[in-house]
Amino acid sequence: RLPHATAWVSCGDVETVVEAIRSLRVRGAPAIGIAGAYGLAVAAGEAVRGGLAADAARAHVLARAEELATARPTAVNLRWAVERCGDGVDRVPTGTSARDLSAAIHAEALAIHEEDRKLCEAIGRHGAAVVPEGDVLTHCNTGALATGGEGTAIAVIVELWRRGRRFKVFADETRPLFQGSRLTAWELVQRGIPVTLLCASAAAHLLATGRVAACVVGADRIAANGDTANKIGTYGLAILAEAHGVPFFVAAPSSTFDLALDTGGDIPIEERSAAEVLRPAGVPVAPEGARAFNPAFDVTPARLIRGIVTEHGVIAPVTREEIRRVIAPRS
């Protein structure tokens, strides 16, 4: 409901958690992962309330894990977080009560949330060290609404501002769901950071004016070679940035890397409802009978990315070798 109203949704069962993820009530790869972890804790709570014996409780939790992990296909953080909590289930001794099993999963979910808060801070610090002075262009939403902390790309912007740098943030509206105008602009206004909205189709002209010093975006999944899936429109922005000599940075935690995927061509791309394009916010903008092409993500080739900012440091150049050096030892 942002930016016009703030509302909290309480998820007391797994179905509600899954619906919240699918409907974008919770969105942004890190936040989706955290929601999936807490969703498994909710599943354990269902087992407790249902009075299930130890083995039945374990089976119930593991059955719900796959349902949560597949709620959305592109953001790798979701399966990563759910499987991490599921691995915790395997470490709990057989015969452990449903209540103790629930406590163990809840503790793991809390740990994932806290780790994300800290890594957002680290991403902000590392990014602030490499982003050049001047105005910044970003795409979609990568702030506190999308993570467990201050964000990824937005954390870099917030850290720069905190250090005394003064600049303007240009934010793509990010159609068809307007995450840039509804969410990113709202977050930056709350922090007192100047923000100017633009249609994505205006980005080429803006970059041509020389007013933008850098583009900084987030990511939903990064392949072993550095190809990066992010909100639809990111690929086009990266091409425009290269054409105008503007450095293009990606900010993402190590959990967003999927080193099992060789290239971006292996990343599944979610296609969403045509209604999001034909009837944004319920308002018809196309004639009856028209169809819509609505991929939620696109893939930016590694060659277009100046650096990937992670909690462990900046990957630059973006190559398999550099990714393995920075990420693989810790993944």
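This report walks through the overall build of a predicted model and then a few of its residues.

## The chain as a whole

The protein chain has 11 helices and 11 strands. For a chain of 331 residues, a compact globule would come out with a radius of gyration near 20 Å, and this chain has 20 Å, so the two agree. If you lay the C-alpha trace along its principal axes, it spans about 65 × 50 × 40 Å.

How much of the chain is buried? Buried residues account for 55% of the 331. Contacts across the sequence fit into this picture too: take those between residues at least 6 apart in sequence, and 78% of them join residues at least 24 apart.

## Surface and charge

The accessible surface of the protein chain adds up to about 14,300 Å². Carbon and sulfur atoms own 54% of that surface.

On the charge side, there are 35 positive and 37 negative charges in the protein chain. Average the positions of each set and the two mean points sit 5 Å apart.

## Arg72, a buried charge

Arg72 is in the loop between helix H3 (54–69) and helix H4 (76–91). Is that arginine buried or exposed? Its relative accessibility is 6%, and since the cut-off for buried is under 20%, Arg72 counts as buried.

What does the side chain of Arg72 pair with? A polar contact of 2.8 Å links it to the side chain of Glu270. Leaving out residues up to four places away in sequence, Arg72 also touches a mixed set of neighbours, among them Ile21, Leu24, Ile32, Leu78 and Phe297. Other residues in touch with Arg72 include Arg22, Arg27, Lys231 and Arg272.

## Two residues with positive phi

Leu24, one of the residues that Arg72 touches, has a backbone quirk of its own. Phi of Leu24 is near 70°, which is a positive value in a residue other than glycine. Leu24 lies in the loop between H1 and helix H2 (29–49). With a relative accessible area of 16%, Leu24 is buried.

Ala281 also has a positive phi, about 55°, although it is not a glycine. You'll find Ala281 in the loop between helix H10 (275–278) and strand E9 (297–300). Buried or exposed? Ala281 has 83% relative accessibility, so it counts as exposed.

## Two cis prolines

Where are the cis peptide bonds to look for? One joins Leu2 and Pro3, with omega about 10°. Pro3 lies in the segment before helix H1 (14–22).

Another cis peptide bond joins Arg175 and Pro176, and omega there is about 10°. Pro176 is placed in the loop between strand E2 (169–172) and helix H7 (179–191).

## From Pro247 to Ala275

Ala275 belongs to helix H10. At 36% relative accessibility, Ala275 counts as partly exposed, because that value falls between the 20% limit for buried and the 50% limit for exposed.

How far is Ala275 from Pro247 in space? They are 35 Å apart, C-alpha to C-alpha, with their positions 28 residues apart in sequence.

Conventions:
Residues are numbered from 1 along each chain as its sequence is written. This is a predicted model: local features need pLDDT of at least 70, side-chain atom pairs count only at pLDDT 80 or more; totals for chains, interfaces and linings use all residues. Side-chain values use heavy atoms; hydrogens and water are left out. Helices (H or I, at least four residues) and strands (E, at least two) are DSSP runs, numbered from the N terminus. The radius of gyration is taken over C-alpha atoms; the globule rule is 2.2 Å times the number of residues to the power 0.38. Buried means under 20% relative accessible area, exposed over 50%, partly exposed in between (1.4 Å probe, protein chains only). Contact means heavy atoms within 4.5 Å. Accessible areas come from the Shrake-Rupley method with a 1.4 Å probe; for residues, only the protein chains shown count as cover. Lys and Arg count as positive and Asp and Glu as negative; His and the chain ends are not counted. The place of a charge is taken as NZ of Lys, CZ of Arg, CG of Asp or CD of Glu. A polar contact is a pair of N or O atoms within 3.5 Å; within protein, one must be able to donate a hydrogen and the other to accept it, and residues adjacent in sequence count only if both atoms are side-chain atoms.
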